[in-house]
Amino acid sequence: MIYYLYDGSFSGMLTAIYDAFYADDKPDKIIKEKDYQENLFAEKVNIETDKEKSDKVYQAIADKISSKSLRKVYYTYLSEKEDRGTVIYKYLKIGFKVGREIDKYYNNDSVLKLKKLSRKVSGEIHRMLGLLRFKKTAGDIYYASCEPDYNILSLLAPHFARRLADQNWIIHDISRKQAAVFNQKEWVITFFDDDNQIKITAEEKNYQKLWKGFFDSIAIKNRKNLKLQRQLMPERYWKHLIEKD
Amino acid sequence: MELMNKLKILADAAKYDVSCSSSGSSRRNKKGGIGNAAVSGICHSWSDDGRCISLLKILFTNECIYNCTYCVNRAGNDIPRASFTPEEVARLTINFYRRNYIEGLFLSSAVRKSSDFTMELLLETVKKLRREYKFNGYIHLKAIPGADADLIEKAGRYADRMSVNIELPSRKSLNLLAPEKKYNDIISPMKTISTNINKDKKRLSSSKSVSKSRNNSGSEGNRVSENKNAQYLNKFVPAGQSTQLIIGASPEPDYHILKLSEGFYQKFNMKRVYYSAYIPVNEASRLPVLKRPPLLREHRLYQADWLLRFYNFSADELLDKKNPNFDINLDPKANWAVNNLGSFPVEINSVSYQQLLRVPGIGVKSARRIIASRQKGTINFEHLKKFGTVLKRAKYFITCDGKYFGGVPLKEELLRNRLAVGDSSQKKQLSLFADYSNVDNNFMDTANNIADKK
């Protein structure tokens, strides 16, 4: 078994894929260094991230397959699943052969696997666009906390930059200790681990109450269906919801 | 009255309106403004009944001059009454929106004083939101039956979607249960909305083509900017029109209701017809006594509605005068299929897309996947599972590479039983509202757009 180990970055993963395409002995697995567990029968190859190589792969996916595929590859990467590198590598092997037609290979397992993973990620992005809750803080900054399954901050931020363009806001991914921060002009992703400064105002408390009041009143009691509610809005997201907290 | 009380009363009074869709509009944020609309629509929460919450759904007032038998807000009911001011609604909307609680506003109303009086208040509210508060999020506005066409036309320039509820499936039932509401008072605002939507489409397409041709011929100046103005005049109800009717408060059969919906889709170009299982909120001799709201019937109607809009079925294919109601144990497509066994089985590897759509257990998505995948090789039975096909239903109606996997002869009674049994286990899990309150089939697109723009 040949293992390619990369540093965990998108660029690092694409570098590994680049090297794999040109290697005589093809890797069986492409995984993040930290995910690797010592294995007697494994032959390790450490991949050094190379911007030039990764740019080439990036561009080749867009040109030779499609921008849609590129997006799926990126989403799959954001899933942070241990086998994402291997899944993407296998997908691209087919993709570079058949080009944009790859979307039609519904019964190919490698294609299907990637589609499923990227769909999960894009599903969570969509869900989170609705479920994120901002709190107005004393400093006139709107603060939202979340713990998404996947690493999706970079895909949430552009939506809110367009939508809430006249607010300062922070979207905090608690489990990954990072945040997207927006100053009404641009957003950046930065290390963030300190929510002690977050002090909410009386006005904020009032609106939270109003929202809870609305939430309770809008349900039709004769049609109560808590199971369906949980199915559509999984409990793991409730912690950060004002109406369910 | 305290704002909290008002909100509770007027949200409670609005909850029977089914529509919560926030899709179909691509309104953009402008400089200095707040908000935009997402074409796919976004759900922000789910209430205890499992329905999606996308919009701040409220009545402007529940003080009503009418006394409709089925309605919780009827004048004769002894319930707390409240009215918002336009300013209160605007501020609530903006502040909820800034916190990402909602996708926008759904504003309906009882009829206070007169139709025009009420419609003017609604108009003032949406105008305030768009102009003063520079709000570019989604607005669904009710047109008040009997209101002046001019007011409706003005309001439509600020709304993304407008709707008038037909309430009951026939003039007769309306006369019986809502004697003060005239059928024409409901139909005429619908016409106003649909006419204006059509006019607007023409205006936009012609102004585009004119300005293009002018640009090509190289002429500039006033005339071009005139066209620009025409182009940038607010769109009229860009997310289209919808309506809602109550199921089970009056005796009309499914066939009648489906024909009515078909008419709405064809003649008024409606985006959606919503069905609402009747929930007894008042007692009256003219109303039926129901133990439970007819949720399963409502579900069957939604399924049939889907068949009209996305599967190219017509109402007359699904039901007729002899069989005017759906078999409650069978979904409408399966029902149609067992009544038309002559068309089956079809061969997955050669059947047309249109016919594929008519196979029970195969939806739009799996049909597309089958067609695409067919170009890359023969499809066998195992493959079908990967395409999202529901084989439990589909297997009786297809062959795969010449083989039949149904295991029983194509006989109506045999299939009816099997399909119904398969269905009854599902009954409890029916996600009654889930599939309908907000069409999210396209949510991939939103996510994709985001990645694009990044």
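This passage describes helix packing, internal cavities and two unusual backbone sites in a predicted model.

A good place to begin is chain A, where helix α3 takes part in two packing arrangements. Helix α2 (residues 51-65) of chain A packs against α3(A) at an angle of about 140 degrees, and the two axes lie 7 Å apart. Since angles over 145 degrees count as roughly antiparallel, this value makes α2(A) oblique to α3(A). On the α2(A) side, the contact is formed by Y58(A), I61(A), A62(A) and I65(A), which meet S67(A), S69(A), L70(A) and V73(A) in α3(A). Sorted by class, this contact has 6 nonpolar and 2 polar residues, with no charged residues.

The other partner is helix α4 (residues 84-98) of chain A. Its axis and that of helix α3 (residues 67-78) of chain A come within 9 Å and cross at roughly 160 degrees. This angle makes α3(A) roughly antiparallel to α4(A), and the crossing is right-handed. Here S69(A), V73(A), T76(A) and Y77(A) of α3(A) touch R84(A), I88(A), Y91(A) and L92(A) of α4(A). The residues of this contact comprise 5 nonpolar, 2 polar and 1 charged. Readers following along in the structure may like to look at S69(A) and V73(A), which appear in the contact with α2(A) and in the contact with α4(A).

Chain B offers another helix pair to explore. Helix α2 (residues 86-98) of chain B and helix α3 (residues 115-132) of chain B have axes 9 Å apart and pack at an angle of about 45 degrees. The helices α2(B) and α3(B) are therefore oblique to each other, and their crossing is right-handed. From α2(B), the contact draws on P86(B), E87(B), V89(B), A90(B), T93(B) and I94(B), while α3(B) contributes L121(B), E124(B), T125(B), K128(B), L129(B) and E132(B). By class, the residues of this contact are 6 nonpolar, 2 polar and 4 charged.

Attention can now turn to the spaces inside the model. There are 4 cavities of 30 Å³ or more in the structure. The largest has a volume of about 650 Å³. It is lined by 34 residues, and those closest to its centre are D17(B), Y70(B), C71(B), N165(B) and E167(B). Strands β7 (241-247) and β8 (272-277) of chain B each provide at least two residues of this lining. The lining of the largest cavity is made up of 21 nonpolar, 8 polar and 5 charged residues.

The second largest cavity holds about 80 Å³ of space. Its lining includes M128(A), L131(A), L132(A), R133(A), S145(A), C146(A), E147(A), R236(A), Y237(A), H240(A) and L241(A). Two elements of chain A, α5 (109-131) and β5 (141-146), give two or more residues to this lining. It counts 6 nonpolar, 2 polar and 3 charged residues.

Finally, two backbone sites in chain B deserve a look. Most residues other than glycine have a negative phi, and most peptide bonds are trans. N100(B), although not a glycine, has a positive phi of about 60 degrees. This residue sits in the loop between α2 and β4 (104-108) of chain B. The peptide bond from F344(B) to P345(B) is cis, and its omega is near -5 degrees. P345(B) belongs to the loop between α11 (332-339) and β9 (346-347) of chain B.

Technical notes: Residues are numbered from 1 along each chain as its sequence is written. Chains are lettered from A and ligands numbered from 1 in the order in which they are written. This is a predicted model: local features need pLDDT of at least 70, side-chain atom pairs count only at pLDDT 80 or more; totals for chains, interfaces and linings use all residues. Side-chain values use heavy atoms; hydrogens and water are left out. Axes are lines fitted to C-alpha atoms, for helices over the stretch in contact, and angles run from 0 to 180 degrees between N-to-C directions. Helices (H or I, at least four residues) and strands (E, at least two) are DSSP runs, numbered from the N terminus. Angles under 35 degrees count as roughly parallel, over 145 as roughly antiparallel, 65 to 115 as roughly perpendicular and the rest as oblique. A crossing is left-handed if the near helix is turned anticlockwise from the far one by less than a right angle, and right-handed if clockwise. Contact means heavy atoms within 4.5 Å. Ala, Val, Leu, Ile, Met, Phe, Trp, Tyr, Cys and Pro count as nonpolar, Asp, Glu, Lys and Arg as charged, and the others, Gly among them, as polar. On a 1 Å grid over the protein atoms alone, a cavity is a set of points where a 1.4 Å probe fits but cannot get out, and a pocket is an open set with protein on both sides within 12 Å along at least five of seven lines; lining residues have an atom within 4 Å of a point. Grid points are joined across faces, edges and corners, and a volume is the space filled by probe spheres set on the points.
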